[in-house]
Amino acid sequence: MYYTMVIAAVVMFGLQFFCNQKYEAETGNGRKASMMFILLSDAVGLFILLAVNKFRMEYTNFTFVFALLAAINMLLYNICSMKALGKINLSLYSLFSMLGGMVLPFCAGVFFFDEDFTWGKEICLVTVIAALLLNVRKGEKQKGTIYYIGIFVFNGMSGVISKFFQALPYEKTSEAAYSVWSALLTVIFAGIALLFMRNDNVKINLKSVCWSSGYGVLNKIGNLLLLVALTHL
């Protein structure tokens, strides 16, 4: 059952790349466009998560702190994603995102949670990296290395933060409530940032709203599935 959750989450994360790229094609990847994408996607995701949590608001200090970390991490990841998609092709973007999502949680499990570093895991890691490299095509634009690194680090840190939230022995809320707080804080941060971008012009149409909404649903449900699975895997 929990492996099925992980597989479903991976499929959702793969589809969200497509939504992100389509939004960028509609609105561009400027500062205000990126922040508007974060606001729209997380607002929709927040509503979905509230519905999953039956519109209840649970709170503990521990949950709030980790939700704050997750929100900041997600903001930085989305900004890097929007900038990177304007410079590289989707396969290269996916490479950095997937490798970060695998390597950093893998290292955290080995170094902080005493998980065995077996030959099987080594072979699996090398095989997946090799398979991804074989599918990468060199993009036309070569600038933006900082954004590649950002995608790698922030996507990987998403899993690491979730694992620490589940593993540390402090009073905490349910996984759904933690996800609600993370989405709510992200919406607040994005809204505040937009107040300082009034002079920037951005084209928002029905298509861009739909693509950002699709991203929000896929991202929040996918992350929630991983959170639940992390309690057992």
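Which helices each supply at least two residues of the lining of the largest pocket? Keep that in mind while we look at this one, which is a predicted model. The answer is α1, α3 (61–85), α4 (90–112), α5 (119–134), α6 (145–167) and α8.

Okay, let's stay with that pocket. Its volume comes out at about 1,400 Å³. The lining runs to 41 residues, and the ones nearest the centre are Val-6, Gly-101, Met-102, Pro-105 and Leu-226. Which helix gives the most to that lining? That's α4, with eight residues. As for chemistry, the pocket lining splits into 26 nonpolar, 12 polar and three charged residues.

Now, there's also an enclosed space. The structure holds one cavity of 30 Å³ or more, and the volume of the largest cavity is about 170 Å³. It is lined by 14 residues, with Ala-70, Ser-158, Tyr-178, Ser-182 and Asn-223 closest to its centre. Here the helices giving at least two lining residues each are α3, α6, α7 (175–195) and α8. The largest share is four residues, and α8 provides it. By class, we've got six nonpolar, seven polar and one charged in the cavity lining.

So α8 turns up in the pocket lining and in the cavity lining. Let's see how it packs.

Take α1 first. α1 covers residues 2–27 and α8 covers 206–230; their axes come within 8 Å and cross at roughly 160°. Anything over 145 degrees counts as roughly antiparallel, and therefore that's what we call α1 and α8. The crossing of these two is left-handed. Sorted by class, the α1–α8 contact has 19 nonpolar, nine polar and three charged residues.

Then there's α2 against α8. Those axes come within 7 Å, crossing at roughly 50°. That makes α2 and α8 oblique to each other, and this crossing is right-handed.

One last check, on α2 itself. It has 22 residues, 31–52, and at 1.5 Å a residue it should span 32 Å. How far apart are its end C-alpha atoms? They're 31 Å apart, which agrees with the expected span. And if you step just past the end of α2, you'll find Lys-54 with a positive phi of about 55°.

So, if you're opening the model now, I'd put up three things: the pocket with α4 giving the most to its lining, the cavity with α8 giving the largest share, and the left-handed crossing of α1 and α8. Okay, that's me done.

Key: Residues are numbered from 1 along each chain as its sequence is written. This is a predicted model: local features need pLDDT of at least 70, side-chain atom pairs count only at pLDDT 80 or more; totals for chains, interfaces and linings use all residues. Side-chain values use heavy atoms; hydrogens and water are left out. The expected span of a helix is 1.5 Å times one less than its number of residues. Axes are lines fitted to C-alpha atoms, for helices over the stretch in contact, and angles run from 0 to 180 degrees between N-to-C directions. Angles under 35 degrees count as roughly parallel, over 145 as roughly antiparallel, 65 to 115 as roughly perpendicular and the rest as oblique. A crossing is left-handed if the near helix is turned anticlockwise from the far one by less than a right angle, and right-handed if clockwise. Ala, Val, Leu, Ile, Met, Phe, Trp, Tyr, Cys and Pro count as nonpolar, Asp, Glu, Lys and Arg as charged, and the others, Gly among them, as polar. On a 1 Å grid over the protein atoms alone, a cavity is a set of points where a 1.4 Å probe fits but cannot get out, and a pocket is an open set with protein on both sides within 12 Å along at least five of seven lines; lining residues have an atom within 4 Å of a point. Grid points are joined across faces, edges and corners, and a volume is the space filled by probe spheres set on the points.
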